[in-house]
Amino acid sequence: MLPLSLLNAAVGYPILVELKNGETYNGHLEKCDNFMNISLREVIQTASDGDRFWRLVETYIRGNTIKYLRIPDAVFDKVKEDMLKNRGMGNRGGRGGRGRGGRGGGGGGHDGRGRGRGRGGHNNYSSNRNQRNDAE
């Protein structure tokens, strides 16, 4: 279970976010992205000393300031069920499926892609030079 997939499954659920500076935010998860930046709505912010509280309509939290997230158990159950359903689907999808390359067309070799410059093997310069020497 990957953290981002778990966070994406928690959209719409209430979560608690604690930041590295000690502030906490309680609210409903509205959005999240690949950097774990999150947007919460109906938020209660608590100061790091725990003495002050603010009610916010919505807030945006940058992912690299997050210390931890508390997510409801219902989200974990939902993700586990989804994983079991996907596992039961068989061997559909997944990675590649065409051997080493993953995108088709072979796994390197002489199809014009694969190794880049200077790695040895097939390049036009050396084969042209050899043809010139043979012609002389």
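**View 1. R41 is partly exposed, with a relative accessible area of 30%.** Before we zoom in any further, keep in mind that this is a predicted model. Which residue does R41 meet across strands? R41 forms a salt bridge with E30, and the closest N and O atoms of the two are 3.8 Å apart. That pair ties together distant parts of the chain, as E30 sits in strand β2 and R41 in strand β3, 11 residues apart. E30 has a relative accessibility of 30%, and partly exposed covers the range between 20% and 50%, so E30 belongs in that class. R41 also meets E42, side chain to side chain, in a salt bridge of 3.5 Å from N to O. Put the pieces together and you get a salt-bridge network made of E30, R41 and E42.

**View 2. Here, E18 and K67 form a salt bridge.** The structure holds 4 salt bridges, and in this one the closest N and O atoms lie 3.5 Å apart. Follow the chain and you'll see that the two partners come from distant parts of it: E18 is in strand β1, K67 is in strand β5 (residues 66-70), and 49 residues separate them. Is E18 buried or exposed? E18 is buried, because its relative accessible area is 15% and the limit for buried is under 20%. K67, on the other hand, counts as exposed, because its relative accessibility is 53% and the limit there is over 50%.

**View 3. This one is all about strand β1 and its two partners, β2 and β5.** On one side, β1 pairs with β2 in the antiparallel sense, over 5 bridges. P14 is the residue facing H28 of β2. The two strands make a hairpin with 4 residues between them, and G22, in the turn, has a positive phi of about 100°. β1 also runs antiparallel to β5, joined to it by 4 bridges. Look for L19, which stands opposite I66 in β5. How many of the 6 residues of β1 are buried? The count is 5, so the strand is largely enclosed by the rest of the structure.

**View 4. Now we look into the largest nonpolar core, which has 18 residues.** Which of them touch the most other members? They are V17, I38, L40 and I61. Two or more residues of this core come from each of these elements: α1 (3-9), β1 (14-19), β2, β3 and α2 (73-88). In soluble globular proteins, nonpolar side chains tend to be buried together. Zoom in on L40 and, leaving out residues up to four places away in sequence, you'll find that it touches I15, V17, Y25, G27, H28, L29, E30, V57, E58, T59 and I61.

**View 5. Last stop: N37, in the loop between β2 (24-32) and β3 (38-46).** Is this loop residue, N37, buried or exposed? N37 counts as buried, because its relative accessibility is 12% and buried means under 20%. What does the side chain of N37 reach? One target is the backbone nitrogen of G63, at 2.7 Å. The N37 side chain also makes a polar contact with the side chain of Y60, at 3.3 Å. If you skip its neighbours within four places in sequence, the residues in contact with N37 are K31, C32, Y60, I61, R62 and G63. You've met I61 already: I61 is one of the core residues in View 4.

How values were computed:
Residues numbered from 1 in each chain as written. Predicted model: local features only at pLDDT ≥ 70, side-chain atom pairs only at ≥ 80, totals over all residues. Heavy atoms only, no water. Buried < 20%, exposed > 50% of the residue type's maximum accessible area, 1.4 Å probe, protein only. Polar contact = N/O pair within 3.5 Å; in protein donor to acceptor, adjacent residues only side chain to side chain. Contact = heavy atoms within 4.5 Å. Core = buried A, V, L, I, M, F, W, Y, C linked by side-chain atoms within 4.5 Å. Pairing = 2+ DSSP bridges.
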